Amino acid sequence: MSDTSTKQRTQTKLKTARPKLHKVILINDDYTPREFVVKVLQSVFRLGEPQAESIMMTAHQKGAAVIAVYTKEIAETKADEAIELSQQFGFPLMVTTEPEE
């Protein structure tokens with residue numbers, strides 16, 4: 001017989017981590033018309049009119065409201081789109097992102 005040794009190989013399973021999620025937050029201001037905010041929420045975030053109005057009113061009454069939760073890249077892209085759209089029309093609409101806890 002030959003002098004070969006057999007070793008048992010161990011298999012390593014890699015676990016892929018889920019990406020961290022970020023909240024997109026609408027900040028209330030006194031200058032952007034409510035109707036415009038609703039239209040931005042509908043066009044950028046693909047919300048229905050009742051949901052967009054509800055988020056807009058929450059931000060109006062409480063100062064801020066969570067629009068949606070996405071991965072970091074998508075959240076930042078959506079926030080930038082909303083800000084750019086409002087700037088095109090001359091409004092100071094503010095949308096930010098922050099990590100979800």
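In which helix is Ser86 found? In this predicted model, Ser86 belongs to helix H3. Its relative accessibility is 0%, so Ser86 counts as buried, the limit for that class being under 20%. When residues up to four places away in sequence are set aside, Ser86 touches Phe36, Phe91 and Leu93.

Helix H3 covers residues 72-88, and Lys78 is also found in helix H3. Although its side chain ends in a charged group by the counting used here, Lys78 is buried, with a relative accessible area of 18%. This value is under 20%, and therefore Lys78 falls in the buried class. Beyond the residues up to four places away in sequence, Lys78 touches Val44, Phe45 and Tyr70. Lys78 and His22 are 56 residues apart along the chain, and their C-alpha atoms are separated by 11 Å.

Glu81 is likewise placed in helix H3. Its relative accessibility is 38%, so Glu81 counts as partly exposed, a class that lies between the limits of 20% and 50%. On the surface, Glu81 takes part in a patch of negative charge, in which it gathers with Glu73, Glu76, Asp80 and Glu84.

The contacts of Lys78 include Phe45, which is placed in helix H1. Helix H1 spans residues 34-45. With a relative accessibility of 5%, Phe45 counts as buried. Apart from neighbours within four places in sequence, Phe45 is in contact with Val24, Val40, Ile67, Tyr70, Lys78 and Ala82. Tyr70 is thus listed among the contacts of Phe45 and also among those of Lys78. The C-alpha atoms of Phe45 and Ala68 are separated by 7.9 Å, and these two residues are 23 residues apart along the chain.

Arg46 is found in the loop between helix H1 and helix H2, the latter made of residues 49-62. Its relative accessibility is 66%; this is over 50%, so Arg46 counts as exposed. The backbone angle phi of Arg46 is near 55°, a positive value in a residue other than glycine. Most residues other than glycine have a negative phi.

The count of salt bridges comes to one. This salt bridge is formed by the side chains of Lys23 and Glu98, with a distance of 3.3 Å from N to O. Lys23 lies in strand E1, residues 21-27, and Glu98 lies in strand E3, residues 94-99, so the pair ties together parts that are 75 residues apart in sequence. Glu98 has a relative accessible area of 35% and is therefore classed as partly exposed.

Strand E3 also holds Thr97. At 28% relative accessibility, Thr97 counts as partly exposed. Leaving aside neighbours within four places in sequence, Thr97 is in contact with Lys23, Val24, Ala75, Glu76 and Ala79. Among these contacts, Lys23 is a partner in the salt bridge, and Glu76 is a member of the negative patch. Another contact, Val24, is also in contact with Phe45. Thr97 and Val37 are 60 residues apart along the chain, and the separation of their C-alpha atoms is 17 Å.

A nonpolar patch is present on the surface as well, made by Leu21, Val66 and Val69 and with an area of about 210 Å². Val69 is placed in strand E2, which runs over residues 64-71. Its relative accessible area of 34% makes Val69 partly exposed. Patches are made of residues with over 30% relative accessible area, so the value for Val69 satisfies this condition.

How values were computed
Residues are numbered from 1 along each chain as its sequence is written. This is a predicted model: local features need pLDDT of at least 70, side-chain atom pairs count only at pLDDT 80 or more; totals for chains, interfaces and linings use all residues. Side-chain values use heavy atoms; hydrogens and water are left out. Patches are made of residues with over 30% relative accessible area and no salt bridge: like charges are joined within 9 Å, nonpolar side chains (Val, Leu, Ile, Met, Phe, Trp, Tyr) within 5 Å. Accessible areas come from the Shrake-Rupley method with a 1.4 Å probe; for residues, only the protein chains shown count as cover. A salt bridge is a side-chain nitrogen of Lys or Arg within 4 Å of a carboxyl oxygen of Asp or Glu. The place of a charge is taken as NZ of Lys, CZ of Arg, CG of Asp or CD of Glu. Helices (H or I, at least four residues) and strands (E, at least two) are DSSP runs, numbered from the N terminus. Buried means under 20% relative accessible area, exposed over 50%, partly exposed in between (1.4 Å probe, protein chains only). Contact means heavy atoms within 4.5 Å.
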